[in-house]
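Here is a short set of questions and answers for a first look at this model. Read each answer with the structure open.

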Amino acid sequence: MSMSPTFLAFHTASRALAASQANIDVTGNNIANVNTKGYTRQRVDQNSISSGGYTQKYGLPMASPGWGVEVSGISQSRDPFLDARFRDQASEKGKLDTILSGLSDLESIFDEASTDGLLNELSNFINDLQTLSQTPSAGDIAFITRTAAQKVTQIMNVYSNQVTQVRNQQIFDLSRVVIENEFNTKVKGIADLNDQIRKEQTYGNTPNELLDKRNLLIDELSELAKIKVTSLPEKITEDLTIERLTVSLYDTATGASISLVDRGLYNTLYVTDNGDRVNVGIASSFGSAASGDITAHFSGGSIRGYLDLINGKGINEFRGALYYRDSMDIFASNFARVLNDLNTVDPLNPKPLFTASGGGAITAENIRISDEWLADATYITTSTYGSDGGDNILRMIAAIDTDTSFYKDAADPSSTVMFKGSFHDYLSGLIGEVALDAELYQNYTDTSANVLNGLYAARESISGVSLNEEGISLMAYQKSYNAAMRYFTVLDEAVDALINRMGIAGR
């Protein structure tokens with residue numbers, strides 16, 4: 001065994017001291033950021049230095065110690081697989097939270113438990129009709145009956161307007177808040193951070209804090225849409241390779257990926273409102289994605305939730321605001337059809353009790369008492385046989401209470417029958433649907449939240465800062481720092497003996 005150079009050990013001690021200092025500094029930085037949102041626990045990357053590196057053809061075999069330790073960098077403790085799973089689940093929860101919020105707003109409109117709604121007013125109208133059937137010639141009872149009918153139409157107007165308001169609010173939130181202020185801002189922020197990180201890595205720096213900011217933006221973006229994040233090495237020079245991060249909108253149904261961010265480039269989204277249909281388009285400035293409608297490619301995130309609430313018409317789609325608006329229109333138009341038909345004795349001389357405000361087809365939004373009935377409370381036909389009996393009023397009561405066909409187009413009996421039952425059954429079913437939908441999505445949301453919390457805990461166990469772990473590490477690095485200092489002392493004493501005492505020992 002040959003003897004290593006005398007002063008080489010000082011380099012080993014110096015590197016040990018520097019490595020211990022780096023570990024202490026990084027541990028202190030971790031402790032300082034224990035409550036910083038998005039912070040990722042950092043660690044010192046270090047490796048031992050070999051004493052080899054060349055081969056002597058005729059050199060004698062010898063054992064030699066290494067040359068100590070070197071700090072090769074400071075990296076973050078992250079698990080890409082857990083990141084992807086967390087973001088996928090955040091996308092699902094973002095969609096469910098949005099849908100649940102919208103359904104809760106719709107449920108409050110049709111709430112018959114805490115308020116006297118349409119079912120109550122319909123019952124009052126039937127009761128007044130029964131009273132009128134007993135005294136059909138009483139003008140005051142006819143007046144009360146007309147007022148009850150007017151309340152029924154007004155409640156329909158209110159329901160329809162409130163459903164429209166909920167939908168309009170969803171459109172505003174999607175367009176102005178989610179797309180313009182959140183989504184587009186975040187993709188631009190990620191692209192800007194890509195540029196900064198690229199520059200720092202090109203200059204040989206480790207931009208961990210910038211990486212944390214970018215990861216936080218990506219996490220927040222995943223709540224808005226289903227995204228796919230790809231990180232690939234990009235060769236800048238023969239000796240330098242840096243990270244190239246891209247973000248794409250990912251459609252799980254088709255597997256399509258639409259580019260959102262690539263290095264410092266980014267694409268933005270916009271909303272178009274076509275009345276009964278709201279679409280989301282992409283203003284593509286790079287990549288293969290053509291500018292235009294990408295509504296069908298949103299498979300998750302709050303944007304998908306908003307689109308379901310705004311565009312959903314039921315049947316093979318989500319039961320959104322349009323479904324409940326159209327359902328109320330079907331109720332209003334068929335309610336008017338049945339009573340208008342019964343009030344008309346002579347088919348050539350129609351006597352409508354209900355009409356549309358402004359003319360046209362009757363909907364829940366425009367249904368009202370006809371001008372003729374409004375001018376004369378006795379306009380309602382009490383008897384079809386010219387007697388003073390109220391047999392026609394009884395027919396009206398029976399038509400409301402017994403099963404009838406609800407046509408999609410009330411003016412066309414050959415159109416699709418949407419429901420068969422009484423008017424009370426129709427309303428009860430509609431109210432039950434929105435309540436069941438809200439309850440169902442509450443369960444979905446709770447389950448999704450539990451899964452997300454589990455993934456968050458798993459990710460935090462790797463990326464988060466634990467004060468207990470950092471405290472233990474701090475003590476360990478302090479001991480290694482003190483040991484390195486002691487190593488210096490030992491070397492100093494050995495060199496002193498070598499220089500000042502060798503050759504005089506034993507004199």
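A nonpolar core is a set of buried Ala, Val, Leu, Ile, Met, Phe, Trp, Tyr and Cys residues joined through side-chain atoms within 4.5 Å. The model is predicted.

Q: Which helix gives the most to the largest nonpolar core?
A: The largest nonpolar core has 63 residues. Elements that each supply at least two residues include helix H2 (80-109), helix H4 (139-202), helix H7 (321-343) and strand S10 (354-356). With 11 residues, the one that gives the most is H7.

Q: How many residues does the second, separate core have?
A: This core is separate from the one just described. Ile171, Val278, Ile282 and Tyr306 are among its members. Its residue count is 34.

Q: In what order do the strands of the open sheet lie?
A: The sheet has 3 strands, and the pairing is antiparallel. Strand S7 (268-273) and strand S9 (292-293) are the edge strands, as each pairs on one side only. The order is S7-S8-S9.

Q: Which residue in S9 does Ile282 stand opposite?
A: Strand S8 covers residues 278-283 and runs antiparallel to S9. The two are joined by 2 bridges. Opposite Ile282 in S9 stands Gly292.

Q: At about what angle to S8 does helix H6 run?
A: Two helices can be placed against the sheet. H4 lies across S7 and S8, at about 165° to S7. Helix H6 (residues 301-311) also lies across S7 and S8, and its angle to S8 is about 145°.

Methods. Residues are numbered from 1 along each chain as its sequence is written. This is a predicted model: local features need pLDDT of at least 70, side-chain atom pairs count only at pLDDT 80 or more; totals for chains, interfaces and linings use all residues. Side-chain values use heavy atoms; hydrogens and water are left out. Buried means under 20% relative accessible area, exposed over 50%, partly exposed in between (1.4 Å probe, protein chains only). Helices (H or I, at least four residues) and strands (E, at least two) are DSSP runs, numbered from the N terminus. Two strands pair if DSSP finds at least two bridges between them. Contact means heavy atoms within 4.5 Å. Axes are lines fitted to C-alpha atoms, for helices over the stretch in contact, and angles run from 0 to 180 degrees between N-to-C directions.
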